[in-house]
Amino acid sequence: MRARGPTTILTTGLAAMLLVQPAAAQDAKDKVTVYTYDSFTAEWGPGPLVEKAFEAECACDLEFVSVADGVALLNRLRLEGDAGKADIVLGLDTNLVVDAKQTGLFAPHGIDTGDVSVPGGWDDEFFVPYDYGYFAVVYDGEAIQDPPASLKALVEGDSEDKIVIQDPRTSTPGLGLLLWVKSVYGEDAAAAWEKLAERVLTVTPGWSEAYGLFTSGEAPMVLSYTTSPAYHMIAEDTDRYRAAAFAEGHYLQIEIAGLTQKGAENPLARAFLSFMTGPAFQDVIPETNWMFPAGKTDKPLDPAFDKLVQPQESLLFSPEEVAENRDAWVDEWLAVMSR
């Protein structure tokens, strides 16, 4: 009897494990974790609608984990390394492609990107675009009657008219402005930053904080997108907030998502990437993320998008140029802005 007691308990325990393990494994397979930025997951962002639509298709759990902004995503991935929980990383952009690949944390996506359409075309085995837009200085039409008509006019304008910008070390818009200035000023970029610094009210970690300061009246200008005024026209029925058209052109941003090595083992991760290129995801983007869709849609854009600034020239460094020079250009910016 003494021998039988422990054996019975062990057998019962093993039986319980055999019953429980498939369910636990199924639970693990029925979840996909997406790292993204906080404005994507906000209640007014695309995250809630995307989550509802994808979960209805997959009968699974879509979990978003957010950080301040796109560059912060890459920083988090590097910090976590192989211990990271992400199946998908959504919110990097083309300026971070090379650095992201160099982490070794991404796997080829292996999905059909035939529905993807962005300026300049797209062909990359690791990353898939989900939206695009152009950086712009958005201004309050009630506070500024004569907005800058060029980057030069912004740099050399009245220091009393302040602007809120984002940090290029943590924010993809912040990095976008850095590259915009560099593409226009080249070797004279440091001097341009010295002048522009006089107009900068503050530098925020991400877009959300910057735009919040702007709409609360802390500054009459903010670094954002040519598409941002569409939100105010559609959601608030006002054209008070407008984007300034710059003579030198506007810097293009293409936002992308990638499959991690961990996610490559989860069929739901690739299913999400495919879903991302189709109407259930793409129809949500214009009026929640306030960018242009990069995939197939089932409905046209609101007419408000026809009233937006149309850049005369699209500015964009190659991912390789950015990777080669980003640290030096950020140091150049930091040397000026930290004085």
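How do the residues of the lining of the largest cavity divide into nonpolar, polar and charged? I began my entries with this question, working on what is a predicted model.

**Entry 1, the cavity.** I searched the whole structure and found 1 cavity of 30 Å³ or more, and I noted its volume as about 70 Å³. I then listed the lining of this largest cavity, which is made up of D283, P286, E287, P293, T297, K299, P300 and L301. Sorted by class, that lining holds 4 nonpolar, 1 polar and 3 charged residues, which settles the question I opened with.

**Entry 2, the largest pocket.** I turned next to the pockets, and for the largest pocket I wrote down a space of about 440 Å³. Its lining counts 21 residues, and those closest to the centre of the pocket are S39, W44, W207, Y211 and W290. When I asked which elements give two or more residues to this lining, I found α7, α9 (207-215) and α10 (228-235). Of the elements, α9 gives the most, with 5 residues. By class I recorded 9 nonpolar, 9 polar and 3 charged residues in the lining of the largest pocket.

**Entry 3, the second largest pocket.** For the second largest pocket I noted a volume of about 230 Å³. I counted 15 residues in its lining, with T94, G121, W122, L316 and P319 nearest the centre. Two or more residues of this lining come from each of α5 (97-102) and α13 (319-337), and the largest share, 3 residues, belongs to α5. The lining of the second largest pocket divides into 8 nonpolar, 3 polar and 4 charged residues.

**Entry 4, the packing of α7 and α8.** Since α7 had appeared in the lining of the largest pocket, I also looked up how this helix packs against α8. What is the angle at which helix α7 and helix α8 pack? I read an angle of about 125 degrees between α7 (residues 172-185) and α8 (residues 189-197), with their axes 9 Å apart. The two helices are therefore oblique to each other, and I entered their crossing as right-handed. On the α7 side I listed L177, L178, V181, K182 and Y185, which meet A189, A192 and W193 in α8. By class, this contact has 7 nonpolar residues, no polar residues and 1 charged residue.

How values were computed: Residues are numbered from 1 along each chain as its sequence is written. This is a predicted model: local features need pLDDT of at least 70, side-chain atom pairs count only at pLDDT 80 or more; totals for chains, interfaces and linings use all residues. Side-chain values use heavy atoms; hydrogens and water are left out. On a 1 Å grid over the protein atoms alone, a cavity is a set of points where a 1.4 Å probe fits but cannot get out, and a pocket is an open set with protein on both sides within 12 Å along at least five of seven lines; lining residues have an atom within 4 Å of a point. Grid points are joined across faces, edges and corners, and a volume is the space filled by probe spheres set on the points. Ala, Val, Leu, Ile, Met, Phe, Trp, Tyr, Cys and Pro count as nonpolar, Asp, Glu, Lys and Arg as charged, and the others, Gly among them, as polar. Axes are lines fitted to C-alpha atoms, for helices over the stretch in contact, and angles run from 0 to 180 degrees between N-to-C directions. Angles under 35 degrees count as roughly parallel, over 145 as roughly antiparallel, 65 to 115 as roughly perpendicular and the rest as oblique. A crossing is left-handed if the near helix is turned anticlockwise from the far one by less than a right angle, and right-handed if clockwise. Contact means heavy atoms within 4.5 Å.
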